[in-house]
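Let's take a walk through this one, following the charged side chains and then the strands around them. Have the model open and keep a finger on the sequence.

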Amino acid sequence: MSSFRAPVLALVVSMVAVGCSSTRGTIGGVIPAPKFTKGALTEGRYTARDKSFSVAVPFSPGSPGYTAMEIVEKSEGGGSLVAFSSSVHPGEVYRVTTFADVKPANRLAETTVASYRKQMEVSGGAPLRAEKTNQELVDGMLAISHRYSQAIPARTADGARSKGAISIHSTHFLQRSTRAAFIAVTRTPDGSAASAEGGDARGVAFLKSFRLR
């Protein structure tokens, strides 16, 4: 495995494993907990510690989703990761990973998408089915975008049985000079549950707010 590919895979795998080293959402499920981050969180906008990117958090400050929001951060191999989730909107995860010193020969766009798909299929126990591939402008750059659907089966874990669900995944890869970013949004379809309402709009706003530096 090349010296570049190893940290890429480590960051993408970390991107999927949301839940460790995160800020807490609430104390005792009631009191909003302070959101201590390695990066800066100011008026609903997160800036990475290395200043490589900034993005608006997906849950508006003052909303129940923001109160219960958790943030995962990681830095490795010159890249950085942040992931946002909230117990108020289960099934929604918003992730950004940046990479430094990217060269065309690295084929990073293909590597990140393939690694993300593999990890999500393993964790969800179901394949990701491709629905659409296109290009769209993100922070003034043409991003390679993919949309997938995933039918997660019902299953039992630790004596508790979870219902099956549909997840929508959208991934976006963009590059400016030798720095690149991979943005991945996981959500449940609008209308599938009360907690899912507005998920599509939150995903669009998150993507539009992204800035690569």
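Arg187 and Asp200 meet through their side chains in a salt bridge, with N to O at 3.3 Å. Keep in mind that you're looking at a predicted model. Arg187 sits in strand S14 (residues 179–187) and Asp200 in helix H4, so this contact ties together parts that are 13 residues apart in sequence. The two ends have rather unlike surroundings: Arg187 has a relative accessibility of 9%, so it counts as buried (the cut-off is under 20%), while Asp200 comes out at 39% and is partly exposed.

Stay with charged residues for a moment. Asp139, Arg176 and Arg211 are joined into one network by salt bridges that share partners. How many salt bridges turn up in a search of the whole structure? The count is five.

Another of these contacts also involves H4. Arg202 and Glu92 form a salt bridge with N to O at 2.6 Å. The pair links distant parts of the chain: Arg202 belongs to helix H4 (residues 199–209), Glu92 lies in the loop between strand S7 (79–86) and strand S8 (93–99), and 110 residues separate them. Are these two partners buried or exposed? Arg202, at 15% relative accessibility, is buried, and Glu92 is buried too, with a relative accessible area of 2%.

Next, have a look at Arg147 and Glu131, whose closest N and O atoms are 2.7 Å apart in a salt bridge. Here Arg147 comes from strand S10 (residues 141–152) and Glu131 from strand S9 (residues 129–138), 16 residues apart. This time Arg147 is partly exposed at 29% relative accessibility, and Glu131 is partly exposed as well, with a relative accessible area of 45%.

S10 is a handy way into the strand pairing. It runs antiparallel to strand S13 (residues 165–176), and the two are paired over nine bridges. To find the register, pick Ser145, which stands opposite His172 in S13.

From S13 you can step across to S14, the strand that holds Arg187. What is the sense of the pairing between S13 and S14? It is antiparallel, over nine bridges. One matched pair to check is Gln175, whose bridge partner in S14 is Ala180. The hairpin made by S13 and S14 has two residues between the strands, and Ser177 there takes a positive phi near 60°. If you're checking backbone torsions, Ser177 is one to plot.

Definitions and conventions
Residues numbered from 1 in each chain as written. Predicted model: local features only at pLDDT ≥ 70, side-chain atom pairs only at ≥ 80, totals over all residues. Heavy atoms only, no water. Salt bridge = Lys/Arg side-chain N within 4 Å of Asp/Glu carboxyl O. Helix = DSSP H or I, 4+ residues; strand = E, 2+ residues; numbered from the N terminus. Buried < 20%, exposed > 50% of the residue type's maximum accessible area, 1.4 Å probe, protein only. Pairing = 2+ DSSP bridges.
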